[in-house]
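Here's a short tour of a protein chain, written for someone meeting structures like this early on. Have a look at the picture first, and then we'll go through it piece by piece.

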Amino acid sequence: MEIKIATTEKDILKCWDVLVALRPHLNKESFVPTIKEMITEGYTLAFIEEDAKAAAAIGFRYLQFLYNGKHIYIDDLSTLAASRGKGYAGKLLDYVADKAKEKGFKVVTLDSGYTRLDAHRLYLNKGFTLSTHHFSKTF
């Protein structure tokens, strides 16, 4: 199970189906330019490929906050429905945790929709804890 980093337009497009499954509001025409811009802002898109497209993907970035210092924040984690149960999401979470450890960071964080119970089970099994409520205000 090889983890690849999407750096080319071709690799970014391989991640379209898996990310739109998580983020259905995405627009295919703006997808590649948006990801490329996010990469310039520190975003990394990693994926596991099956049949020439991403079966699972994780997007993350390095951040620093006063409350928890330097850490990795996971923006996105998704697996295609047909590829679930193969351990891909867990492998991607382990990959990010290893990156954090390599950098000497003590924390990996993420937000998850409150109804995503299967995802929560995975996060808890991987040692994550429910530590905050995330609030947002839309304009």
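Which kind of link do the side chains of Arg61 and Asp75 meet in? A salt bridge, with N and O 3.0 Å apart. Keep in mind that this is a predicted model.

**Charged pairs**

Let's stay with that pair for a moment. Arg61 belongs to strand E3 (residues 53-65) and Asp75 to strand E4 (residues 69-79), so their salt bridge ties together parts that are 14 residues apart in sequence. Are the two partners buried or exposed? Arg61 is buried, with a relative accessible area of 14%, and Asp75 is buried as well, at 19%. The cut-off behind that word is simple: a residue is called buried when its relative accessible area is under 20%.

As background, side chains of opposite charge can pair when their charged atoms come close. How many salt bridges does the structure hold? The count is 11. Here are three of them, with the N to O distance for each.

| Salt bridge | N to O distance |
|---|---|
| Arg61 and Asp75 | 3.0 Å |
| Glu102 and Lys99 | 3.9 Å |
| Asp118 and Arg121 | 2.3 Å |

Now for the second row. Glu102 and Lys99 sit three residues apart in helix H4 (residues 88-102), so about one helical turn separates them. Glu102 is exposed, with a relative accessible area of 60%, while Lys99 counts as partly exposed at 24%.

The third row takes us to helix H5 (residues 117-125), where Asp118 and Arg121 are three residues apart, about one turn of the helix. Asp118 is exposed, with a relative accessible area of 57%, and Arg121 counts as partly exposed at 49%. Elsewhere, salt bridges with shared partners join Lys4, Asp11, Lys14 and Glu49 into one network.

**Rings**

Time to switch from charges to aromatic rings. How many aromatic pairs does the structure hold? It has six. One of them is made by Tyr62 and Phe105: the ring centres are 5.9 Å apart and the planes stand at 75 degrees, so this pair is edge-to-face. The angle is what settles the label, because planes over 60 degrees apart count as edge-to-face.

This pair links distant parts of the chain, with Tyr62 in strand E3 and Phe105 in the loop between H4 and strand E5 (107-110), 43 residues apart. Phe105 is buried, with a relative accessible area of 15%, whereas Tyr62 is partly exposed at 35%.

Tyr62 has another neighbour to look for in the picture. The charged end of Lys103 sits over the ring of Tyr62, 4.7 Å from the ring's centre. And the ring story goes on past a single pair: Phe60, Tyr62, Tyr95 and Phe105 are linked by ring pairs into a cluster.

**A small residue in helix H4**

Let's go back to helix H4, this time to find Ala89. Ala89 is buried, with a relative accessible area of 14%. What does Ala89 touch, leaving out residues up to four places away in sequence? Its contacts are Leu77, Thr79 and Leu122. Take Thr79: it is 10 residues from Ala89 along the chain, and the C-alpha atoms of the two are separated by 6.6 Å.

**The whole chain**

Finally, let's zoom out. The chain has five helices and five strands, and reading along the sequence gives the pattern β-α-α-α-β-β-β-α-β-α. The radius of gyration is 15 Å, close to the 14 Å that the globule rule gives for 139 residues, so the chain is as compact as a globular protein of that length. Along its principal axes, the C-alpha trace spans about 40 × 35 × 35 Å.

How much of the chain counts as buried? Of the 139 residues, 40% do. The accessible surface comes to about 9000 Å², and 53% of that belongs to carbon and sulfur atoms.

Contacts tell you about the fold too. Among those between residues at least 6 apart in sequence, 56% join residues at least 24 apart. The Tyr62 and Phe105 ring pair, whose members are 43 residues apart, is a nice example of a link between distant parts of the chain.

Notes: Residues numbered from 1 in each chain as written. Predicted model: local features only at pLDDT ≥ 70, side-chain atom pairs only at ≥ 80, totals over all residues. Heavy atoms only, no water. Salt bridge = Lys/Arg side-chain N within 4 Å of Asp/Glu carboxyl O. Helix = DSSP H or I, 4+ residues; strand = E, 2+ residues; numbered from the N terminus. Buried < 20%, exposed > 50% of the residue type's maximum accessible area, 1.4 Å probe, protein only. Contact = heavy atoms within 4.5 Å. Phe/Tyr/Trp six-rings, centres within 6.5 Å; stacked < 30°, edge-to-face > 60°. Lys NZ or Arg CZ within 6 Å of the ring centre and 35° of its normal. Rg over C-alpha atoms; globule rule 2.2 N^0.38 Å. Areas by Shrake-Rupley, 256 points an atom, 1.4 Å probe, with all protein chains shown as cover.
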